[in-house]
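Trainee: I would like a close look at one helix of this model and at how its surroundings are arranged. May I ask for a connected account, with each term explained as it appears?

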Amino acid sequence: MGGPYPTPGLKMINLALQGGGAHGAFSWGVLDRLLEHGGVGIEAITGASAGAMNAVALADGLACGDHEVARAKLRTFWESVCDAARTSPIQRTPFDMAFGNWSLDHSPAYVWFDIVSRIVSPYALNPLNLNPLRDLVASVIDFERVCSSPLKLFLSATNVETGRTKVFEKSELTADHVMASAALPFMFHAVEIDGVPYWDGGYMGNPPLWPLFDQCDTDDVLLVQINPFHRAGAPTSAREILNRLNEITFNSSLLKELRAVDFVTRLLEDGRLEGTGYRRVITHIIQDEATLSSLGASSKMNAEKAFIEMLFAKGRTAANAWLDAHFEDIGVRTTVDLRGLFEGDEDALDGYRIDREAKFKNNAGKRRQEKKAAAAQE
C-alpha cells in the first residue's frame, strides 16, 4: 500500500473519510484492517475534521511505504488523544459507566459547556485561543513526512467569508490546515490561513468527493461513513433536534455529490456522454449504522480509552465484513445502492426521466479534445 500509484498486485482505491469527533476512531479501525489485509492500495484520501486527522496520520506512517509503521502511527495518534482526554473535566458519570452509556449528556462539565457555548462566543470563552488538540497534532504528526508521502491528500475546510469549500493539498499541509478542517465554530476560533478564516470542512464537504474525480487515476471511491444518514423517529428535545439538524447538514453536501455520481453513471450507461471524457466512478461504503446511530452526539467528545477502543474494534469488524463481501468487486462494480441513499421509496420521481435523444455529444467530445490538445501545447 505504500508505493505510488499504480502499485503492482494491489487493488487500488481512493478513500473518503468523514469527520465526527471521537467517532473518527471507527475510521481508524477501518484503516487498520485495510492496512493489515495487504491487498488494497490507496492512491488518495479526501477527508474533513477527524477524517483529516486520520488522513495525515496515515500519510505520515506510509511515507516509508510500510504497512505496520502506518498502523503504529495511527495507534500512536489515537492513544495520544486518549491520554490528553484523561485530564479533561468532561467525563462520563459513574452511573453512565455502570450502565454502559457512552454519551456525556449527564456529565455536569459537558452540560455546562454545551449551554454556555450556545450563548457565549469561543472568542470570549478562550481569548488566548488555546487549543491542546492543535498541539497534539503538531507533536504526533511529522508534516515533512506527510508532504513526502506517496498518497495524494485533499483536506477540506469551509471559507467563512464566502461559504465555499477550500481543499488543501498535500504539499501545503501543516497542523494549522488540519485544525482549519476541524474548527467547529461554537468551540474554536476560526483558523486563519494566508489571512482567510476557515471553519470545519464538514459543513460544505464531509468529505468532498470531487477532488478524486479529476486528480486521481483509480476509479474506486471507498467512503468510510461515521455520520448516519438514517435515524428512526423525530427528535423531541431541543438538544436532540439541534444534533439531528447538524447531522443532516453535515451529510447534505455528500448526498448531493453521490447523486451527481449516480446521475453521470446513468448517462454513461445510456451512451449519452460518449466522447465527453466523463468516467465511471465505482462507489463503496463501509459503515455500521446500527452502532453509530445508537450513540448520542455528545459521545463525539468522549475520548475515553475504552470508548475509542470499542469504536476501533467496530471499524475493524465492518472493514473485515466489507473485504469478505466485496474485495473482488474493487475495480469492477459499485457495491452500494446510491439512489436508495438520496431518494428512497417515498420519492415519486425515483428513476423517472423524460426519454429524449442525446444532442451535441459528438461536438462536446470534440471541443474537450481540442482544449486538451491546446493545453498540452502550452
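Mentor: The account below begins with one helix, proceeds to a second helix pair, and ends with three unusual backbone positions.

The model is a predicted one, in which local features need pLDDT of at least 70 and side-chain atom pairs count only at pLDDT 80 or more, while totals for chains, interfaces and linings use all residues. Residues are numbered from 1 along each chain as its sequence is written, and side-chain values use heavy atoms, with hydrogens and water left out.

Let us take helix α3, residues 67–85. Helices here are DSSP runs of H or I with at least four residues, strands are runs of E with at least two, and both are numbered from the N terminus. Helix α3 has 19 residues and spans 28 Å from its first C-alpha to its last, close to the expected 27 Å; that expected span is 1.5 Å times one less than the number of residues.

Which residues of α3 are buried? They are His67, Ala70, Arg71, Lys73, Leu74, Phe77, Trp78, Ser80, Val81, Cys82 and Ala85. Buried means under 20% relative accessible area, exposed means over 50%, and partly exposed lies in between, with a 1.4 Å probe and protein chains only. An α-helix has 3.6 residues a turn, so residues three or four places apart point the same way. The cover over the buried residues of α3 includes α1 (24–37), α2 (50–62), α7, α8 (143–148) and α13 (305–326).

One of these covering helices, α7 (residues 132–140), has an axis that comes within 11 Å of the axis of α3, and the two cross at roughly 150°. Axes are lines fitted to C-alpha atoms, for helices over the stretch in contact, and angles run from 0 to 180 degrees between N-to-C directions. The helices α3 and α7 are therefore roughly antiparallel; angles over 145 degrees count as such, those under 35 as roughly parallel, 65 to 115 as roughly perpendicular and the rest as oblique. On the side of α3 the contact (heavy atoms within 4.5 Å) is formed by Lys73, Thr76, Phe77, Ser80, Val81 and Ala84, and on the side of α7 by Leu136, Val137 and Val140. By class, these residues are six nonpolar, two polar and one charged. Nonpolar covers Ala, Val, Leu, Ile, Met, Phe, Trp, Tyr, Cys and Pro, charged covers Asp, Glu, Lys and Arg, and polar covers the others, Gly among them.

Two further covering helices, α1 and α13, also pack against each other, at an angle of about 45° with their axes 6 Å apart. They are therefore oblique to each other. Residues of α1 in this contact include Phe26, Trp28 and Leu34, and those of α13 include Ile308, Phe312 and Leu323. The contact of α1 with α13 has eleven nonpolar, four polar and six charged residues.

The backbone remains. Most residues other than glycine have a negative phi, and most peptide bonds are trans. Ser49, in the loop between β2 (40–47) and α2, has a positive phi of about 55° and is buried at 10% relative accessibility. Asn129, in the loop between α6 (122–125) and α7, also has a positive phi of about 55°, but is partly exposed at 41%. The peptide bond from Asn206 to Pro207 is cis, with omega near -5°. Pro207 lies in the loop between β6 (196–200) and α10 (210–215) and is buried at 0% relative accessibility.
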